[in-house]
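Q: Please take a close look at one part of this model and explain how that part is built. I should then like to see how it is placed among its surroundings.

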Amino acid sequence: MIRLEQATKFARTKGIKKPIIDRASLVLQRGKSIGLLGRNGAGKSTLLRLIAGTIRLDSGRIIRKGKISWPLGFQGSFQGTMTGEQNVRFVARIYGVDTRELIAYVEDFADLGPFFKAPVGTYSSGMKARLAFGLSMGVNFDYYLVDEITAVGDTNFKKKCQVVFESRLQDSDVIMVSHSTSTIRDYCDCGVVMENGKLTYYDDIEDAIRAHNGNMRER
Amino acid sequence: MRVVAALLIREMEARFGSKPGGYVWALLDPAAHVFLMTIIFQAIARAPALGVSFPLFFATGYIGFQFYQAMATYLNGAVKANRSLLSYPSVAPVDTIVARYFLQLGTTAVVAIVVLGVIVAWMRTPIELSWPPIIEAALVASTLGLGMALINNVMFLKYALYEQVFSIVNRPLFLISGVFFLPDAIPHPYREVVLFNPLVHVVMQFRVGFYSEYRAVGLDMPYAYTFAFLTLFIGMLLFTSSSALLRSE
């Protein structure tokens, strides 16, 4: 369960202070996957990072019960001079999962062959993305955070990703940001619409999409 | 604790694993420094300010000083260098500092043992080591380095100008901290000025452990302690109150 209590976050740029999330209270129950909808710049990604805990609220609080992932497929943390294996080992250590098991899983999943033991700096962008996705799938989380699912690799790999991700969602939930309503529909049960710093929760994703489309037509 | 250990291993791999020779360079660098200083000063002076061995005199000064300087330099960039890792919710900014602190303390300790060990073993007259002042000096120096780094990690982020000013002020520290001279030998009004620098006391105390005959006039360890722990306290206060800033990108 994730609960926001009077959560407030400002965006500050060059003296302009604008609330992105304005005293929002919200309860996200375990067992339901949530889609975040809102126009460009509404603060969807910010909300996702607030939930992850990588940025802080200006006031209010967030209570998290359950293990929350880093953004799915995040590659920014890979150290170019270290091998894929070393990078995976680091993540295994910070999350306290079995190092050997995770390495074996990612090695098999990302299918990089001998490159798995080569520095990440030598990887192509596709290989890096495969490593990152494999790593995200290798650790078990209660909540997976997804900021615009980006399909990586060729058709076969895409299919593999989808199958694994869907099997993960048997026991985990996803909190997803996407502009594609069809993707949101595929993965999410309920939705949150962000507009002018307000968060509105909809138990049915279809209602959320309708409300969001309504907002988009207005302006 | 788990995260700190993971970061420590990662820093080690990145720092020493990326170039051929790896850890050897961490040793070779200060050894070469001491060697060069020995050559230069042997040419201009007949005997070191203390004892008979130039290498021992410079090595004790340089390495005692390094417990602060190497620490502060390496830790100043801790959060910035590991910025991308903060995207993992389980990694906190302070973890990166703590990991680097232990890695640097270990590295300087190994450097001290190897470099000073070799010099002491080569000396004609055996010297009597006194460990407590050596360890005390090393710990006070590294505490001061840690405190400074906690302050700097925040201040560098807040004020880009401060980073420039700090590097200008920090550079001559090496010259005025009693690495090549003894503050005891400085005449009256200037000695008091030099003794304001807490690192002078740290270097003196470090040398006390190697030279049993050294009287260390003006040595005031309580002053160094106060300075170090006050800095650490301010650093911790500033670091904790700026956690939102350190997290933001």
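A: The answer below begins with the paired strands of chain A and then moves outwards to the domains, the helices and chain B.

The model is a predicted one. A good starting point is strand 3 of chain A, residues 34-38. Five of its five residues are buried, so this strand is largely enclosed by the rest of the structure. In a regular strand, side chains alternate between the two faces of the sheet. Strand 3 of chain A can be read in this way: A:Ile34, A:Leu36 and A:Gly38 point to one side, while A:Gly35 and A:Leu37 point to the other, and all are buried.

What does strand 3 of chain A pair with? One partner is strand 7 of chain A, with three bridges in the parallel sense. Within this pairing, A:Ile34 has A:Ile175 as its bridge partner. Another partner is strand 8 of chain A, residues 190-195, which runs parallel to strand 3 and is joined to it by five bridges. Here the bridge partner of A:Gly35 is A:Gly191.

The pairing can be followed further from strand 7 of chain A, residues 173-177, which is also paired with strand 6 of chain A through five bridges, again in the parallel sense. In that pairing A:Tyr144 is bridged to A:Val174. Strand 6 of chain A covers residues 143-147, and four of these five residues are buried, so this strand too is largely enclosed by the rest of the structure. Strand 6 of chain A is joined in turn to strand 5 of chain A, residues 68-71, by two bridges, and the two run parallel. A:Pro71 in strand 5 has A:Leu145 as its bridge partner in strand 6.

The strands may now be set against the domain assignment. For chain A this assignment gives domain 1, made of 2-67 and 178-218, and domain 2, made of 74-174. The C-alpha centres of the two domains of chain A are 26 Å apart. Across the boundary, 13 residues of domain 1 of chain A are in contact with ten residues of domain 2 of chain A. On the domain 1 side, helix 1 (44-52) and helix 6 (181-187) of chain A each supply at least two residues. Helix 1 of chain A gives the most to this side, with four residues. Sorted by class, the side of domain 1 of chain A that touches domain 2 of chain A has four nonpolar, six polar and three charged residues.

Two helices of chain A show how unlike their surroundings can be. Helix 2 of chain A, residues 84-94, is mostly covered, with nine of its eleven residues buried. Among these buried residues are A:Val88, A:Phe90, A:Val91 and A:Ile94. The buried residues of helix 2 of chain A pack against helix 3 (99-110) and helix 4 (125-138) of chain A, together with helix 1 of chain B. After helix 2 of chain A comes A:Gly96, which has a positive phi near 65 degrees. Helix 5 of chain A, residues 155-168, is hardly covered, and one of its 14 residues is buried. Helix 5 of chain A reaches 20 Å from its first C-alpha to its last, close to the 20 Å expected at 1.5 Å a residue.

Helix 1 of chain B, mentioned above as a packing partner of helix 2 of chain A, leads to the contact between the chains. In total, 20 residues of chain B are in contact with 19 residues of chain A. Helix 1 (2-16) and helix 12 (243-247) of chain B are the elements that give two or more residues to the chain B side. The largest share of that side, seven residues, comes from helix 1 of chain B. By class, the side of chain B that touches chain A has ten nonpolar, six polar and four charged residues.

Finally, chain B offers a helix for comparison. Helix 3 of chain B is mostly covered, with 21 of its 23 residues buried. Its end C-alpha atoms are 32 Å apart, which agrees with the 33 Å that its 23 residues should span at 1.5 Å a residue. Helix 3 of chain B nevertheless bends by about 45 degrees at B:Gln66.

Terms used: Residues numbered from 1 in each chain as written. Chains lettered and ligands numbered in written order. Predicted model: local features only at pLDDT ≥ 70, side-chain atom pairs only at ≥ 80, totals over all residues. Domains from an automatic or database assignment. Contact = placed C-beta atoms within 7 Å. Nonpolar A, V, L, I, M, F, W, Y, C, P; charged D, E, K, R; others polar. Expected span 1.5 Å × (residues − 1). Bend = angle between axes of the 7 residues up to and from the residue. Buried ≥ 20, exposed ≤ 12 C-beta atoms within 10 Å, placed from the backbone. Pairing = 2+ DSSP bridges.
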